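Reader: I am new to this structure and would like to understand how its descriptive words are earned. Could we go through them one by one?

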Amino acid sequence: MSSHHAHFAADSTAGLPHTPPVEKMEDDTMDGGDTKPIPFSRPITPVPAHDRLAFVGLGAMGKRMAVNLAKSLAERAAPPLKVYNRSDKGLSEFKTYAEMKGLTEEMYEVERDLHVIGKTADIIVTSLGGDEAVEEVYTQLFKGQESQSDAGDGIKPGGHGRTTIFIDTSTIFPTTAGAMERMATSKPHRVFLSCPVFGIPAAAEDADLVLAISGDYFARKHAAHALVPAIGKKVMDLGSNVERAMAFKLVGNSLEVGFIELLSESFTLADQVGVGSSQLVELIRDQHSSPHLTRYAERISKNKFAVEGGFNLAGGIADARHIRRLAENHDVPMPSLDVALQHMLSARAHGGADLDWTALVGGQRIAAGLPPFSGKTTRLEKED
């Protein structure tokens, strides 16, 4: 945990309600393993057509989700999506991407003040780069919400004024989500949901994401129907504890890191013994019905480490550190993760943080006496 995060957690939540620990909760997820795309009935009072939605954070994932959400709103003749990004560069890249995907300027509205978004939007979705970014952005959004007027018709749980639903899709540590919820509930008429997404930017582009959601039940129902199928194909209900969805996201990502590490070891061995990588890709395609494994295998075998449409080493390292911390808190050894993290650090040192996270194979290759990112032949030549 950074010193900034530690200070925030210590100072900002004093005297606020305690979020129950995620580790001892009973399983209150959807009954019977429901596999429907949305495990909630449609709310009796649906999200009004005139409600304003906003999207904050227009990075690789965010810009794709925002474009799809804006298109969905336009199809329903709803007000245009408000969008915000902290950097001008990211906003400019969003505009270029939006135009390329057929989004007209009438379908979204750029806002440059987080306070205004917090004050005027009814549902706010965020996609941010980490815990500190989430803390900084939500502090400003909550300040804006506190100044909003109660006038107008909106979602009114219990008939008590206008409620703003904040939905965070970032990957953060579970206790950070708990801190955000306590800040949210310290004032009336607002609710915070954890809603991390499973999928890479290419999946976000096709609205092919899986969403894990936890928090207030009323808000979960509204959020699920607002976001699926607009930005994702399915919602997984993780119950009322906001920390639980984030913990589940980290567990899910530990699988992905483990898959890539195992593939990296196997492909390096295939190269060293001279059987070649193409046959191993073919075997994976034939034996395992997993597009994800096949995509990882093809990237590794062909040295395709450009990150466009994928997930970079910087994000993989951040997630791996969160997973390690979660595992240590629960006394769970994860040796594969530890090895994968070291390989990602080695790969970053040799190729930079912006490579696709399958580039962790570079760390494995170095340990085997091979160049990390050389062109592929039947067998890699060892370094002199």
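Reader: What is the bridge partner of I123 in β5?

Author: In β5 the residue that bridges to I123 is I165. This is a predicted model, in which local features need pLDDT of at least 70 and side-chain atom pairs count only at pLDDT 80 or more, while totals for chains, interfaces and linings use all residues. Residues are numbered from 1 along each chain as its sequence is written, and side-chain values use heavy atoms, with hydrogens and water left out.

Reader: What makes β4 and β5 a strand pair?

Author: Two strands pair if DSSP finds at least two bridges between them, and strands themselves are DSSP runs of E with at least two residues, just as helices are runs of H or I with at least four, numbered from the N terminus. Four bridges join β4 to β5 (residues 164-168), and the two strands run parallel, so the requirement of at least two is met. Strand β1 (residues 53-56) also pairs with β4 in the parallel sense, over four bridges, and there L53 stands opposite I123.

Reader: How do you know that both faces of β4 are covered?

Author: In a regular strand the side chains alternate between the two faces of the sheet. In β4 (residues 123-126), I123 and V125 lie on one side and I124 and T126 on the other, and all of these are buried, where buried means under 20% relative accessible area, exposed over 50%, and partly exposed in between (1.4 Å probe, protein chains only).

Reader: Why is the pair of F142 and F166 called edge-to-face?

Author: Rings of Phe, Tyr and Trp (its six-membered ring) pair if their centres lie within 6.5 Å, and planes under 30 degrees apart count as stacked, over 60 as edge-to-face and the rest as tilted. A search of the whole structure finds 10 aromatic pairs. For F142 and F166 the centres are 5.0 Å apart and the planes stand at 80°, so the pair is edge-to-face. It links distant parts of the chain, since F142 is in helix α5 (residues 131-146) and F166 in strand β5, 24 residues apart. F142, at a relative accessible area of 1%, is buried, and F166, at 0%, is buried as well. Ring pairs also link Y138, F142, F166 and F192 into a cluster.

Reader: What makes R325 a charge over a ring?

Author: The term applies if NZ of Lys or CZ of Arg is within 6 Å of the ring centre and within 35 degrees of the ring normal. The charged end of R325 sits over the ring of F173, 3.6 Å from its centre, and the charged end of K249 sits over the ring of F198, 4.7 Å from its centre.

Reader: Why is D331 called exposed, and H189 partly exposed?

Author: D331 has a relative accessibility of 70%, which is over 50% and therefore counts as exposed. H189 has a relative accessible area of 23%, which falls between the two limits, so this residue is partly exposed. D331 lies in the loop between α12 (313-329) and α13 (335-351), and H189 in the loop between α6 (174-185) and β6 (190-194).

Reader: What makes the phi of H189 and of D331 worth a remark?

Author: Most residues other than glycine have a negative phi, and most peptide bonds are trans. Phi of H189 is near 65°, and that of D331 is about 60°, a positive value although D331 is not a glycine. A cis peptide bond, with omega about 10°, joins V228 and P229.
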